[in-house]
Amino acid sequence: KESTMDEDRLLANDTSTTCRNCNSSFGIFNRKHHCRLCGYIFCDKCTAQKVVLPEIYGIIGPQRVCDPCADRANGKIPMSSGSSGGGEQKKRGVKDIGVDDLVMLSKVTEAEIHENLKKRFNNDYIYTYIGHVLISVNPFKMIQNLYSDRTLSDYKGKFPYELPPHVFSLADQMYKQMRNEGENHCVIISGESGAGKTEASKRILQFIAAVSGSSPDVMRVKNVILESNPLLESFGNAKTIRNNNSSRFGKYMEIQFNRSGDPEGGCITNYLLEKSRIVTRSNDERSFHVFYQILQGLPADTQREIGVSGLNPKQFSYLTLSNCYEVSGIDDTEEFKDMQKAMSTMNIAKNQQLEVFRLLLSILYLGNFTFAESGADQSTINSKDALNAFAKLFQVDTSLVEKAFCFRVMSTGTEGRSARVSVYNVPQNVDGAMYSRDAMAKALYSRLFDWIISKVNESMYVNDPEACLIGVLDIYGFEIFENNSFEQFCINYVNEKLQQIFIQLTLKAEQEEYHAEGIK
């Protein structure tokens, strides 16, 4: 019975193209197996033995494992004792810090999973595998040598089972497979707000930059890719109740590689920018970082050139909505310098940078507009200082600004179909004028953000149809606010769908494998 079940143990042919141990190619009818320890796929020959693993692994009964894992389990291959802590993990044992891979648990229950993650978290092991998926628990502190150059070097070229779980190991496996097999790869990073998704994406980019080539052209592309992070964080991130540096937009970054495995370009696609954060948010949160950075870091001579002075966050209504102006651990002045440096790296000229600053300040002054009734269903702007400042920054006449917000344009007839088309300026009441003000602020910022993305893409895009791609999907996390925007509703839905994909690819796949192997 066991032999018959084993004969039927076939995997889809598109699961893998070669054995990870002997590099033999899989044909249509070749049998393939998941190693019970590392989770990777090997040919039948390289997983021929079923071994009873030592008690430290917490798995009962004989298991089909690959030859390298079998040797390691039986002590023939010592675990690395590099700076990443592998030797310490073996020395202390599973009872102290849990198992590396949750599929190795003797009982896969919610309580056992939580207990294992808790053990690892309390011992500064924030990464844990579940098959091919890497789980990361945000430690909310700096862990010594976790992302050091030595640790990065340790994980370069290693199999996942040789060192403890790490985001560098995930990046290394993806990069090696892309180079060896010439196939595109993608990393999906999801989780609740504050889970560390943005940090994970930055560490993946850090690893790729470190292990690829160093020619002048390659270094330029690396610099653009790495410098895009502080720029996009300034314009797309904000402090929320749960996270001081929460991404408030979705980002899919594609990195293009030549046949040598060196990055030659890339492209960023953005979606679902939470532009409603400009005009409303919960208490003790901030708007996008860039507003506070420009108010704290804009030099006095640049302020004079733009035509402003004495800038303070507390003087702008859009920033006083939530009574939060500073964030612990974030220096807005230094962040402004990093943002300005990144803009220069993206070939955004000095005069264009000035226009960006002018537009950001215009949005803030726009929020200071207040309206008063001036007749039946009519309104007027009664905050003349804000009106004059906005018109000066926008370089338009004040009468045009007031007309734009206090009147709406209506037309009758259809051009090309009607003999007569009439256009009317219809007065707006106070509520209508305020709605127009907020809609204008959100539209201005959204278009500015799209322009920033386009400048980043111009700096690193290369038209190479034969390039291999590595994609990194970083979406802002599941979160429930007192008042939830449409964008947050959409992103919560996306997170739920990604969670279903996670369950499908891991838990259900593992259960099917247990059943196929006759394991109860």
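This passage looks at the nonpolar cores of a predicted model and at one of its sheets, along with the helices that lie across that sheet.

Start with the cores. The largest nonpolar core counts 92 residues, and the members touching the most other members are F235, F291, F357, L361, F369 and Y445. As for secondary structure, helix α17, spanning residues 430-460, gives the most to this core, with 11 residues. F235 is a handy way into the packing: leaving aside residues up to four places away in sequence, F235 touches F288, V290, M339, V356, L360, Y445, L448, F449 and I452. Of these contacts, Y445 also sits on the list of core residues that touch the most other members. Apart from this core lies another one, made of 11 residues, including C35, V51, V65 and C66.

Now for the sheet. Four strands make up an open sheet, ordered β7-β16-β10-β11, and the pairing is mixed. At the edges are β7 (185-189) and β11 (263-271), each of which pairs on one side only. From one strand to the next, the twist averages 15°. Within the sheet, β10 (residues 250-257) and β16 (residues 468-474) run antiparallel and are joined by 7 bridges. One bridge pairs Q256 with L469 of β16.

Two helices lie across strands of this sheet. Helix α8, residues 197-211, lies across β7, β10 and β16, and runs at about 160° to β16. The other is α17, which lies across β10 and β11 and runs at about 165° to β11. That brings the story back to the core, since α17 is the helix that gives the most residues to the 92-residue set.

Conventions. Residues are numbered from 1 along each chain as its sequence is written. This is a predicted model: local features need pLDDT of at least 70, side-chain atom pairs count only at pLDDT 80 or more; totals for chains, interfaces and linings use all residues. Side-chain values use heavy atoms; hydrogens and water are left out. A nonpolar core is a set of buried Ala, Val, Leu, Ile, Met, Phe, Trp, Tyr and Cys residues joined through side-chain atoms within 4.5 Å. Buried means under 20% relative accessible area, exposed over 50%, partly exposed in between (1.4 Å probe, protein chains only). Contact means heavy atoms within 4.5 Å. Two strands pair if DSSP finds at least two bridges between them. Axes are lines fitted to C-alpha atoms, for helices over the stretch in contact, and angles run from 0 to 180 degrees between N-to-C directions.
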